[in-house]
Protein chains: 2
Amino acid sequence: MARPAPSADTAQRILDVAERLVQTRGFNGFSYADIAETLRVTKASLHYHFPSKAVLGKQLIERYETTFLAALRAIEAGSTEPREQLKRYAKIYADVLRDGRMCLCGMLASDYATLPKPMKEEVKHFFDVNEQWLVAVLERGRKAGSLGFKGPALDLARVLVGSLEGAMMLARSYGDASRFDTAAERLIASL
Amino acid sequence: MARPAPSADTAQRILDVAERLVQTRGFNGFSYADIAETLRVTKASLHYHFPSKAVLGKQLIERYETTFLAALRAIEAGSTEPREQLKRYAKIYADVLRDGRMCLCGMLASDYATLPKPMKEEVKHFFDVNEQWLVAVLERGRKAGSLGFKGPALDLARVLVGSLEGAMMLARSYGDASRFDTAAERLIASL
DNA sequence: GTCTATAGGTGGATAGAC
DNA sequence: GTCTATCCACCTATAGAC
């Protein structure tokens, strides 16, 4: 007790570095050696904390989803207006992109065919949670009359998630984050 | 002349196999060994036709873009109605997805950070061409009054490309191509 | 144009000392 | 919990015979 704030524990720092690597290079585009070099430890040390890359990857998604859910709760706390909530949802993506990253699960969706099965399940769960959150926001907006759209909210939620992920991917290729903003604004303005 | 149809020449068959591998596993998710095994030749033989993976990758995109452009011309020949042309544009993606693949350049956009520079330029060019084609269709539809949208057609074209790519990515993760169809229909119906 | 053989490097992962 | 040392599989790529 009353100790100076401990530096983040090693496992967390490993996850931090691995997360950024997956978000920029994909799951097949980085190695334990990359993490080891950044943290200046040996590969063997990493295997102590995460016995296999599959385990590391799974924990990466679990932590990412937890953080993401916290951001969604923060949105709910910050505004109750559905359209504003959608804008803030899109801003999560925009902030990640401006930090030079892609959505972790967007990257993993691209790598999907090569992922260990446990990671596949976690990736889908992440998107399921996103869809569910968006459905709730969309339904509230429709009932309140502040959002206008036809058909199942779930279909629209899926369009939104896919469109934001895709817009992010293209914006990065062009090195132009404003491409994402323009796309996100259009998508939300159409509701 | 009058010979039996020759089997596709070796370079083309290599490109065929490599194309499918990139479309399913990504550029970092396959190796010369994978191609060699499928075609039952040696890796050394592949290097005779494509000295490096970077060269193979670049030619892959060039051929893909050529094929894609031919499909766009076929759309123009098949219908002059802008909304119908958009539906057929989306159907190109849907057909690729039902063949168990992703868009080649969608996959490469995910791998973007790890690509050799020549491949990066080709990927962007592919998307540029897609945007330009869509802009022309959208502008015609707007002038004819059959499509309704506000703002620059280029912005909308970019939304469409990104959204279709993203929808494709998610649909594959869930192993459900109909997710793509639903998204594409919504996107086009909103115009 | 395809082969065998191999170079030279990196991948994930483990054993065992400290 | 981190290290050294190592394993073995795989990677891209090349030399040179056929």
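A polar contact is taken here as a pair of N or O atoms within 3.5 Å; within protein, one must be able to donate a hydrogen and the other to accept it, and residues adjacent in sequence count only if both atoms are side-chain atoms. In this predicted model, local features need pLDDT of at least 70 and side-chain atom pairs count only at pLDDT 80 or more, while totals for chains, interfaces and linings use all residues. Residues are numbered from 1 along each chain as its sequence is written, chains are lettered from A and ligands numbered from 1 in the order in which they are written, and side-chain values use heavy atoms, with hydrogens and water left out.

With that in hand, the DNA is a good place to start. A polar side-chain atom of A:His49 sits 2.7 Å from a phosphate oxygen of DNA strand D. From the other chain, B:Lys53 brings a backbone N or O atom to 2.8 Å from a phosphate oxygen of this strand. The side chain of A:Ser45 has an N or O atom 3.4 Å from a sugar or linking oxygen of DNA strand D.

In total, 17 residues surround DNA strand D, and A:Thr42, A:Tyr48, A:His49, B:Ser31 and B:Lys53 are the closest; a residue counts as near when one of its heavy atoms lies within 4 Å of the strand. Of the strand's atoms that come within 4 Å of the protein, 65% belong to sugar and phosphate. Helix α3(A) gives the most to this surface, with four residues; helices here are DSSP runs (H or I, at least four residues), numbered from the N terminus.

The two protein chains also meet each other. Their contact (heavy atoms within 4.5 Å) takes 38 residues from chain B and 38 residues from chain A. About 3,100 Å² is buried between them, with carbon and sulfur atoms giving 58%; buried area is the accessible area (1.4 Å probe) that two parts lose on being put together, summed over both. B:Leu170, B:Tyr174 and B:Arg186 supply 20% of the area that chain B buries against chain A, more than any other three residues.

Two salt bridges link chain B and chain A, each a side-chain nitrogen of Lys or Arg within 4 Å of a carboxyl oxygen of Asp or Glu. A:Glu131 forms a salt bridge with B:Arg179, with the closest N and O atoms 2.9 Å apart. On the side of chain B that touches chain A, α8(B) provides the largest share, 13 residues.

Key. Helix = DSSP H or I, 4+ residues; strand = E, 2+ residues; numbered from the N terminus.
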